[in-house]
Amino acid sequence: MGLALGCLQVEQSTVAIKEVFGKYDDVLEPGFHCVPWFFGTQIAGYLSLRVQQLDVRCETKTKDNVFVTVVASIQYRPLAEKAVDAFYKLSNTREQIQAYVFDVIRACVPKMDLDASFEQKKEIARAVEEELEKAMSAYGYEIVQTLIVDIEPDVRVKRAMNEINAAARMRVAANEKAEAEKILQIKKAEGEAESKYLAGLGIARQRQAIVDGLRDSVLAFSENVPGTSSKDVMDMVLVTQYFDTLKEIGASSKSNSVFVPHGPGAVRDIASQFRDGLLQGSMTRS
């Protein structure tokens, strides 16, 4: 109804292209305008000044002959001061941008290995943006941002890369496991050595305590019973210990058959062996 009456409203972030008898006349800014159509004035079209986005998927191959699909995201917008060029010079802006993106990507990526292409995504995006900026500025468009959002290798290549990565991680895990087992073995050996050392130390102290006790008993008995020698006291102690041992063996319910030489001669032999051991120990210490 408004256009029929010669009235027109242009929305915000939009401009309208006015023509008179098919020839460009003016760019109408957002707001209210009079368009006397009966004088040959008409609106040729509208041009949005908002930022638009175009996602381009480009298939190419790398320097090491791996086919990849590069996904580029182009953000662009027409310039208000060049709205005439943006409206009249290009019939299909999106196809024009896509052609330039294909050209740049297929020129850059084949110079890189697959790993380098992942590492140099910013360099690829910068090359695309510079080329688009030079080309599209002549048509009244500004390239706001260019992003390489994804690089997709072939499915078989991706699977092989995952297997290589998994194998490397398994190798590291195996090394770490072996190192941990090594540490456990070392610590176990150190613990056993320390345990045996402490056990030996305990046995030595136990034997020293027995010897000290026997010595004190012999000295005390010799002092309290005049006329007895150390040999007599030691024989008596050994006989006492001998019978105590027999008593413990007989009282134990878990004992099997034990054959022990019994009699005065056996006790005398035991005493003789014990004295010989003490004399040898004394000679060794001296």
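Trainee: Is threonine 146 buried or exposed in this model?

Mentor: A residue counts as buried when its relative accessible area is under 20%. In this predicted model, threonine 146 has a relative accessible area of 3%, so this residue is buried.

Trainee: Where does threonine 146 lie in the chain, and which residues does threonine 146 touch?

Mentor: Threonine 146 belongs to strand β8, which covers residues 141-153. Leaving aside residues up to four places away in sequence, threonine 146 touches Ser73, Ile74, Ala125, Val128, Glu129 and Leu132.

Trainee: What percentage of the protein chain counts as buried?

Mentor: For the protein chain, with its 286 residues, the buried portion is 25%. The accessible surface of the chain comes to about 19,700 Å², and carbon and sulfur atoms account for 55% of that surface.

Trainee: How many helices and strands are there, and how should I read the pairing of strands in a sheet?

Mentor: Strands of a sheet pair through backbone hydrogen bonds, and the pairing may be parallel or antiparallel. The protein chain here has 7 helices and 8 strands; 3 strands form an open sheet in the order β3-β2-β5, with antiparallel pairing. Because β3 (23-28) and β5 (41-48) stand at the edges with a single partner strand each, one side of each is left without a neighbour in the sheet. From one strand to the next, the twist averages 30 degrees.

Trainee: How many bridges join β2 to β3, and which residue is the bridge partner of glutamate 19?

Mentor: Strand β2, residues 14-20, is joined to β3 by 5 bridges, and the two run antiparallel. Glutamate 19 has tyrosine 24, in β3, as its bridge partner.

Note on methods
Residues are numbered from 1 along each chain as its sequence is written. This is a predicted model: local features need pLDDT of at least 70, side-chain atom pairs count only at pLDDT 80 or more; totals for chains, interfaces and linings use all residues. Side-chain values use heavy atoms; hydrogens and water are left out. Two strands pair if DSSP finds at least two bridges between them. Helices (H or I, at least four residues) and strands (E, at least two) are DSSP runs, numbered from the N terminus. Axes are lines fitted to C-alpha atoms, for helices over the stretch in contact, and angles run from 0 to 180 degrees between N-to-C directions. Buried means under 20% relative accessible area, exposed over 50%, partly exposed in between (1.4 Å probe, protein chains only). Accessible areas come from the Shrake-Rupley method with a 1.4 Å probe; for residues, only the protein chains shown count as cover. Contact means heavy atoms within 4.5 Å.
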